[in-house]
Amino acid sequence: MRTSRLLWAGLAAAACGAVLCVAGWYGVSGERFAARQIPYLASCTVPGAALIVAGAVLLARTADAEAAVRVNGTGQETPPADEPGPPSSDGPLLRVPGGTLAHRPDCPLVAGRPDARPAGGAPLEPCPVCEP
């Protein structure tokens with residue numbers, strides 16, 4: 001859904017930019033003096049070029065988004081396999097002094113911290129990163 005919005009926004013921006021560039025070129029071509037050409041450059045050609053660049057960026061983001069998401073057999077989007085999922089260690093849950101979250105031992109928020117202690121029976125919320 002999001003990729004189709006990016007696609008249409010990119011195409012619309014690029015098309016509007018192309019129309020503005022053509023209108024600017026047509027206006028400039030009808031003027032003999034440079035002083036009379038500047039308004040066409042300022043009002044049509046420069047914004048048209050900016051819209052073309054913006055459209056190209058949106059289209060590139062669309063291609064990146066489509067490459068980063070695969071659709072499984074059920075039609076649902078799944079993240080690519082190279083993205084790490086939540087940590088999966090089965091050791092005792094940890095917490096930091098004064099903290100309100102329970103973490104798995106390999107959670108990046110507590111891994112390597114010397115002050116991390118076993119959570120025990122403390123009422124703690126699950127960490128949104130490691131999802132214990």
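This passage describes the fold, the helices, the core and the surface of a predicted model of one protein chain.

The secondary structure consists of 2 helices and 6 strands. Along the sequence these elements follow the pattern α-α-β-β-β-β-β-β, with both helices ahead of the strands. The chain has 132 residues, of which 20% count as buried. Among contacts with a separation of 6 or more, 48% join residues that lie 24 or more positions apart. The chain exposes about 9000 Å², and carbon and sulfur atoms supply 64% of this area.

Helix H1 covers residues 2–29, and helix H2 covers residues 34–68. Leu 20 belongs to helix H1. With neighbours within four places in sequence left aside, Leu 20 is in contact with Cys 44, Thr 45, Pro 47, Gly 48 and Leu 51. The C-alpha atoms of Leu 20 and Cys 44 are 5.0 Å apart, although 24 residues separate the two in sequence. Leu 20 has a relative accessibility of 26% and therefore counts as partly exposed. Arg 61, in helix H2, provides a second example of two residues that are distant in sequence. Its partner in this comparison is Gly 10, 51 residues away along the chain; the C-alpha atoms of Arg 61 and Gly 10 are separated by 9.1 Å. Arg 61 is partly exposed, at a relative accessible area of 45%.

Helix H1 also contains Trp 8. This residue counts as exposed because its relative accessibility is 59%, and the cut-off for exposed is over 50%. Together with Leu 7 and Leu 11, Trp 8 makes a nonpolar surface patch of about 310 Å².

The largest nonpolar core has 7 residues. Its members are Leu 94, Val 96, Cys 107, Val 110, Ala 116, Cys 127 and Cys 130. Cys 107 has a relative accessible area of 0% and is therefore buried, since the cut-off for buried is under 20%. Val 110 touches two other members of the core that precede it in the chain, Leu 94 and Val 96, as well as Ala 116. Outside the core set, the contacts of Val 110 include His 103, Arg 104 and Pro 105; neighbours within four places in sequence are not considered here.

His 103 is found in the loop between strand E4 and strand E5, the latter formed by residues 117–118. Despite its place in a loop, His 103 counts as buried, at 5% relative accessibility. Beyond its neighbours within four places in sequence, His 103 is in contact with Pro 92, Leu 93, Leu 94, Arg 95, Leu 109, Val 110, Cys 127 and Cys 130. Several of these partners, including Leu 94, Val 110, Cys 127 and Cys 130, also appear in the list of core residues.

Strand E4 consists of residues 101–102, and Leu 101 lies in it. Leu 101 is partly exposed because its relative accessible area of 27% falls between the limits of 20% and 50%. Apart from its neighbours within four places in sequence, Leu 101 is in contact with Leu 94, Arg 95, Leu 124, Glu 125, Pro 126, Cys 127 and Pro 128. One of these partners, Pro 126, is 25 residues away along the chain, and the C-alpha atoms of Leu 101 and Pro 126 are 5.4 Å apart. Leu 94 and Cys 127 are contacts of Leu 101 and are also contacts of His 103.

A search of the whole structure finds 1 salt bridge. The side chains of Arg 113 and Asp 115 form this pair, with an N to O distance of 2.9 Å. Both residues are classed as partly exposed: Arg 113 has a relative accessibility of 38%, and Asp 115 has a relative accessible area of 26%.

The count of disulfides is 0. Cysteine residues nevertheless occur in several settings. Cys 16 is partly exposed, with a relative accessible area of 45%, whereas Cys 107 is buried at 0%. Cys 107, Cys 127 and Cys 130 are among the residues of the largest nonpolar core, and Cys 44 is a contact of Leu 20 in helix H1.

Conventions: Residues are numbered from 1 along each chain as its sequence is written. This is a predicted model: local features need pLDDT of at least 70, side-chain atom pairs count only at pLDDT 80 or more; totals for chains, interfaces and linings use all residues. Side-chain values use heavy atoms; hydrogens and water are left out. A nonpolar core is a set of buried Ala, Val, Leu, Ile, Met, Phe, Trp, Tyr and Cys residues joined through side-chain atoms within 4.5 Å. Buried means under 20% relative accessible area, exposed over 50%, partly exposed in between (1.4 Å probe, protein chains only). Contact means heavy atoms within 4.5 Å. Helices (H or I, at least four residues) and strands (E, at least two) are DSSP runs, numbered from the N terminus. Accessible areas come from the Shrake-Rupley method with a 1.4 Å probe; for residues, only the protein chains shown count as cover. Patches are made of residues with over 30% relative accessible area and no salt bridge: like charges are joined within 9 Å, nonpolar side chains (Val, Leu, Ile, Met, Phe, Trp, Tyr) within 5 Å. A salt bridge is a side-chain nitrogen of Lys or Arg within 4 Å of a carboxyl oxygen of Asp or Glu. A disulfide is a pair of cysteine sulfur atoms within 2.5 Å.
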